[in-house]
Amino acid sequence: MAVDETVRGQVRDRYAEAARTASAGQYAEASDCCGGGGCCGADEAPLPITFGRRLYDAVQVEGLPDTAVLASLGCGNPTAVADLRAGDRVLDLGSGGGIDVLLSAQRVGLTGFAYGVDMTDEMLDLARANAAEAGATNVEFRKGTIEDLPFDDGSVDVVISNCVINLSTDKTAVLAEMFRVLAPGGRVGVSDVVAEDHLTAVQRAERGSYVGCIAGALSKQEYLDGLAAAGFVDASVTFTHEAAPEMHGAIVKAVKPTQG
Ligand SMILES: C[S@@+](CC[C@H](N)C(=O)[O-])C[C@H]1O[C@@H](n2cnc3c(N)ncnc32)[C@H](O)[C@@H]1O
């Protein structure tokens, strides 16, 4: 399946706007971006724990630049589930303002390294500024798409991602690229929006927009089938919280076999 360049352009425009919002000192999630449409609203409002910064422990993000937290647009906390170890090379797909790259860099330490890849210049600028402010030396943000990763075969130990794979119009390519760049034995720890299996594509689209991380969500079985087709083993998809009716924030895990 080829990438839909029209949808990709809409996604890029929407997240460029979100980056500008965060750079201006406002919560990016308050705009109509991932899970937006007003669900997160003003800072003092009672808010559903669905998207963005509310999915992080306050202690965990203490010490990160404000604009990294302001730009948080994920639907989970992949660094909490990815089993990161000292010395790991971690790659975050669709790294946005860099929050998960910075948290990963802390976890893997100076013997490890955390990379982010994003297609939106405004997000890359914000992430690099956040890394500089945080004084992180074991991080790098590369421009590129998650369907065609700018990384060598077998060059990372862990792939994480936070609410980005649903935004791709070629998920087969994304899963194949994840497999390619992982070293044998490498792990996947991804947060994403996932639909219950009975929902049709039309029903998913009725629940939210593509750029809002809803319409493009895979179902649980589609995710498991896609991971298996890409070559992954030990795959699991675990729902964690509702993101829209019959659609959920989920933790997706899988492993690249050590051989074959
Ligand atoms: C919902 S935001 C999530 C950002 C970040 N992971 C977080 O948790 O805050 C989606 C991010 O993915 C990027 N993105 C979306 N589709 C992409 C693609 N096909 N290739 C590369 N980056 C993409 C956007 O530019 C944006 O920064």
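Is Asn130 buried or exposed? Asn130 counts as buried, at 1% relative accessibility; buried means under 20% relative accessible area, exposed over 50%, and partly exposed in between (1.4 Å probe, protein chains only). The model is predicted: local features need pLDDT of at least 70, side-chain atom pairs count only at pLDDT 80 or more, and totals for chains, interfaces and linings use all residues. Residues are numbered from 1 along each chain as its sequence is written, and side-chain values use heavy atoms, with hydrogens and water left out.

**Figure 1. The protein as a whole has nine helices and eight strands.** Helices (H or I, at least four residues) and strands (E, at least two) are DSSP runs, numbered from the N terminus. Of the 260 residues in the protein, 57% are buried. A contact means heavy atoms within 4.5 Å. Among contacts with a separation of 6 or more, 70% are between residues 24 or more positions apart. The protein exposes about 10500 Å², and carbon and sulfur atoms supply 51% of that area. Accessible areas come from the Shrake-Rupley method with a 1.4 Å probe; for residues, only the protein chains shown count as cover.

**Figure 2. Asn130 sits in helix α6.** The side chain of Asn130 reaches the backbone oxygen of Gly97 at 2.9 Å. This is a polar contact, a pair of N or O atoms within 3.5 Å; within protein, one must be able to donate a hydrogen and the other to accept it, and residues adjacent in sequence count only if both atoms are side-chain atoms. Leaving aside neighbours within four places in sequence, Asn130 is in contact with Pro65, Thr67, Ala68, Gly97 and Leu102.

**Figure 3. Helix α7 is largely enclosed by the rest of the structure, because eight of its 11 residues (171-181) are buried.** The buried residues are Lys171, Ala173, Val174, Leu175, Glu177, Met178, Phe179 and Val181. What covers them includes the strands β1 (89-93), β4 (156-162), β5 (182-195) and β6 (218-219), together with helix α9 (220-230).

**Figure 4. The largest nonpolar core holds 29 residues.** A nonpolar core is a set of buried Ala, Val, Leu, Ile, Met, Phe, Trp, Tyr and Cys residues joined through side-chain atoms within 4.5 Å. The members that touch the most others are Leu91, Leu93, Leu149, Met178, Tyr223 and Phe232. Two or more residues come from each of β1, β2 (113-118), β4, α7, β5, α9 and β8. Helix α7 gives the most, with five residues. Not counting residues up to four places away in sequence, Leu91 touches ten residues' worth of surroundings listed here: Tyr115, Gly116, Val117, Leu149, Phe151, Val156, Val158, Val159, Ile160 and Val181. A second, separate core of 26 residues includes Ala18, Met123, Leu167 and Cys213.**Figure 5. The ligand is surrounded by 23 residues.** A residue is near the ligand if one of its heavy atoms lies within 4 Å of it. The closest residues are Leu73, Gly94, Asp118, Thr120 and Ile146. A polar backbone atom of Leu73 is 2.7 Å from an oxygen atom of the ligand. Two backbones face nitrogen atoms of the ligand: a backbone N or O atom of Gly94 lies 2.8 Å from one, and a backbone N or O atom of Asn162 lies 3.2 Å from one. On its own the ligand has 590 Å² of accessible area, and the protein covers 99% of it.

**Figure 6. Asp121 and Lys143 meet in a salt bridge (2.8 Å, N to O).** Asp121 lies in helix α6 (residues 121-134) and Lys143 in strand β3 (residues 139-143), so the pair ties together parts that are 22 residues apart in sequence. A salt bridge is a side-chain nitrogen of Lys or Arg within 4 Å of a carboxyl oxygen of Asp or Glu. Side chains of opposite charge can pair when their charged atoms come close. Asp121 is partly exposed, at 38% relative accessible area, and Lys143 is partly exposed, at 48%. By this rule the count comes to 12 salt bridges.

**Figure 7. Arg207 forms a salt bridge with Glu246, with the closest N and O atoms 2.5 Å apart.** Arg207 is in helix α8 (residues 201-207) and Glu246 in the loop between β7 (233-244) and β8 (247-255), so this pair links distant parts of the chain, 39 residues apart. Arg207 is partly exposed, with a relative accessible area of 25%, and so is Glu246, with 28%.

**Figure 8. Arg85 and Asp83 also meet in a salt bridge through their side chains (2.9 Å, N to O).** Arg85 counts as partly exposed, at 44% relative accessibility. Asp83 is partly exposed too, with a relative accessible area of 41%. Elsewhere, Glu5, Arg8 and Glu147 are linked in a network of salt bridges.
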